Amino acid sequence: MSTFTIFLALIVIVAFLLIVVIMVQNPKGGGLSSSFGGGGQQVGGVQKTNDFLDKSTWTLATLLLVLILLSNVTIMGDGTSSTGVFESDEDVEMNVPQQPAPQQPVDNQE
């Protein structure tokens, strides 16, 4: 299993967790934090749950960015990685159509 494959799996897992954490939050303050506890007793619990969700969101977003950058380094690295799009330079073919050379006007004045 290559390094890029490991990074790709981690990126998918972190992205899924980030989606879950974001979906649990409610911008109006009534998300998961309002589901715990009773009506007036929630004041401390709501703030702690919102802080946890907020920190989780930032942590997962930062981790996702770092993993993406590191996976890019493994692809573009030192050229020894076989996980790139092309295995070698011979696989790349440049098919450039040949255009005829422009013809010069003939001078018939003698």
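Here are some notes on this predicted model, point by point.

1. Overall make-up. The protein has two helices and zero strands. Helix 1 covers 3-24 and helix 2 covers 43-76. Of the 110 residues, 15% are buried. The exposed surface comes to about 9,300 Å², and carbon and sulfur atoms supply 63% of that.

2. Confidence. Mean pLDDT for the protein is 75, with 64% of residues at 70 or more. Residues 38-42 are the stretch to watch: pLDDT stays under 50 there, and the model gives them five contacts beyond four places in sequence. Where pLDDT is low, the predicted coordinates should not be read in detail, so I'd leave those five contacts out of any argument.

3. Long-range contacts. Take the contacts with a sequence separation of 6 or more: 74% of them join residues 24 or more positions apart. Some of the residues discussed below show the pattern locally. Leucine 53 and glutamine 25, for instance, are 28 residues apart in sequence and 7.1 Å apart C-alpha to C-alpha.

4. The core. Which residues form the largest nonpolar core? There are nine: Phe7, Ile11, Val14, Leu18, Val21, Leu53, Leu60, Leu64 and Leu67. Both helix 1 and helix 2 put in at least two residues each, but helix 1 has the largest share, with five.

5. Leucine 18. This core member is a good place to look at the contacts in detail. Setting aside neighbours within four places in sequence, leucine 18 is in contact with Thr57, Leu60, Ala61 and Leu64. Leu60 and Leu64 are themselves on the core list.

6. Leucine 53. This residue sits in helix 2 and also belongs to the core. Is leucine 53 buried or exposed? It counts as buried, because its relative accessibility is 7%, below the 20% cut-off. Beyond four places in sequence, leucine 53 is in contact with Val21, Val24 and Gln25. Val21 is another of the core residues.

7. Serine 71. Here is a polar residue worth a look, again in helix 2. Serine 71 counts as buried because its relative accessibility is 8%, under the same 20% limit. What does its side chain reach? The partner is the backbone oxygen of isoleucine 68, at 2.8 Å. Not counting residues up to four places away in sequence, serine 71 touches Phe4, Phe7 and Ile11. Phe7 and Ile11 are both in the core.

8. Leucine 17. One place before leucine 18, leucine 17 lies in helix 1. With a relative accessible area of 40%, leucine 17 is classed as partly exposed, since that class runs between 20% and 50%. Its C-alpha atom is separated by 9.4 Å from that of serine 56, 39 residues away along the chain.

9. The record. An unreviewed UniProt entry places the feature "transmembrane region" at residues 6-24 and at residues 58-77. How do those spans look in the model? Residues 6-24 are 100% helix and 0% strand, with the end C-alpha atoms 27 Å apart. Residues 58-77 are 95% helix and 0% strand, and their end C-alpha atoms lie 28 Å apart. The annotation is the record's; the helix content comes from the model.

Terms used: Residues numbered from 1 in each chain as written. Predicted model: local features only at pLDDT ≥ 70, side-chain atom pairs only at ≥ 80, totals over all residues. Heavy atoms only, no water. Core = buried A, V, L, I, M, F, W, Y, C linked by side-chain atoms within 4.5 Å. Buried < 20%, exposed > 50% of the residue type's maximum accessible area, 1.4 Å probe, protein only. Helix = DSSP H or I, 4+ residues; strand = E, 2+ residues; numbered from the N terminus. Contact = heavy atoms within 4.5 Å. Polar contact = N/O pair within 3.5 Å; in protein donor to acceptor, adjacent residues only side chain to side chain. UniProt positions renumbered as here; feature names shortened; annotations may be inferred. Areas by Shrake-Rupley, 256 points an atom, 1.4 Å probe, with all protein chains shown as cover. pLDDT = per-residue confidence, 0-100.
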